[in-house]
Amino acid sequence: RTVSGKARKLSEETYYGASANTPVQGTASEIMLHSLCNLTHRLGSNARLLNTVHDEIIVETYFQLLDVL
């Protein structure tokens, strides 16, 4: 189970390794999703999200707004 309580059903073959990794990866995914939602609201129309790569968030904005954001 993740921190928010989501569970993943595992087969007998993948149970051992995945059972240790699922809570960590699932919780990290939930944190990233929560952060993206917050960031989208904070940026407003000044910038836009382009992509996410692993633990990085790629944002596009005008050069003049770099100090503001």
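Which residue in β2 does Arg48 stand opposite? It's Glu60, and that pair is a good way into this model, which is a predicted one.

1. **Overall layout.** Let's start with the basics. The protein chain has one helix and two strands, and going along the sequence you meet them in the pattern α-β-β. Helix α1 covers residues 15–43, strand β1 covers residues 47–53 and strand β2 covers residues 56–61.

2. **Burial and surface.** Of the 69 residues in the protein chain, 14% are buried. The chain exposes about 6100 Å², and 55% of that comes from carbon and sulfur atoms. As for contacts, take those between residues at least 6 apart in sequence: 20% of them join residues at least 24 apart.

3. **The hairpin.** β1 and β2 run antiparallel and are joined by six bridges. Together they form a hairpin, with two residues between the strands. If you check backbone torsions, look at His54 in the turn, where phi is positive at about 55°. For the register, Arg48 is opposite Glu60, while Asn51 is opposite Ile58 in β2.

4. **The salt bridge.** How many salt bridges does a search of the whole structure find? The search turns up one. Arg48 and Glu60 form a salt bridge, and their closest N and O atoms are 2.7 Å apart. Arg48 sits in β1 and Glu60 in β2, so the pair ties together parts that are twelve residues apart in sequence. The two residues also stand opposite each other across the strands. As for solvent, Glu60 counts as partly exposed because its relative accessibility is 36%, a value between the 20% and 50% cut-offs.

5. **A nonpolar patch.** Leu49, Ile57 and Val59 make up a nonpolar patch on the surface, and their accessible area together is about 190 Å². Val59 belongs to strand β2. Is Val59 buried or partly exposed? At 35% relative accessibility, Val59 counts as partly exposed.

6. **Thr27 in the helix.** Thr27 is in helix α1. Its relative accessibility is 15%, so Thr27 counts as buried. Which residues does Thr27 touch, leaving aside those up to four places away in sequence? They are Thr2 and Val3.

7. **Glu30 in the helix.** Glu30 is placed in helix α1 as well. Why does Glu30 count as buried? Because its relative accessible area is 19%, and buried means under 20%. Setting aside residues up to four places away in sequence, Glu30 touches Thr2, Val3, Ser4 and Lys6. Thr2 and Val3 are also on the contact list of Thr27, so when you look at the start of the chain, view Thr27 and Glu30 together.

Conventions. Residues numbered from 1 in each chain as written. Predicted model: local features only at pLDDT ≥ 70, side-chain atom pairs only at ≥ 80, totals over all residues. Heavy atoms only, no water. Pairing = 2+ DSSP bridges. Helix = DSSP H or I, 4+ residues; strand = E, 2+ residues; numbered from the N terminus. Buried < 20%, exposed > 50% of the residue type's maximum accessible area, 1.4 Å probe, protein only. Contact = heavy atoms within 4.5 Å. Areas by Shrake-Rupley, 256 points an atom, 1.4 Å probe, with all protein chains shown as cover. Patch = residues over 30% accessible without salt bridge, like charges linked within 9 Å, V, L, I, M, F, W, Y side chains within 5 Å. Salt bridge = Lys/Arg side-chain N within 4 Å of Asp/Glu carboxyl O.
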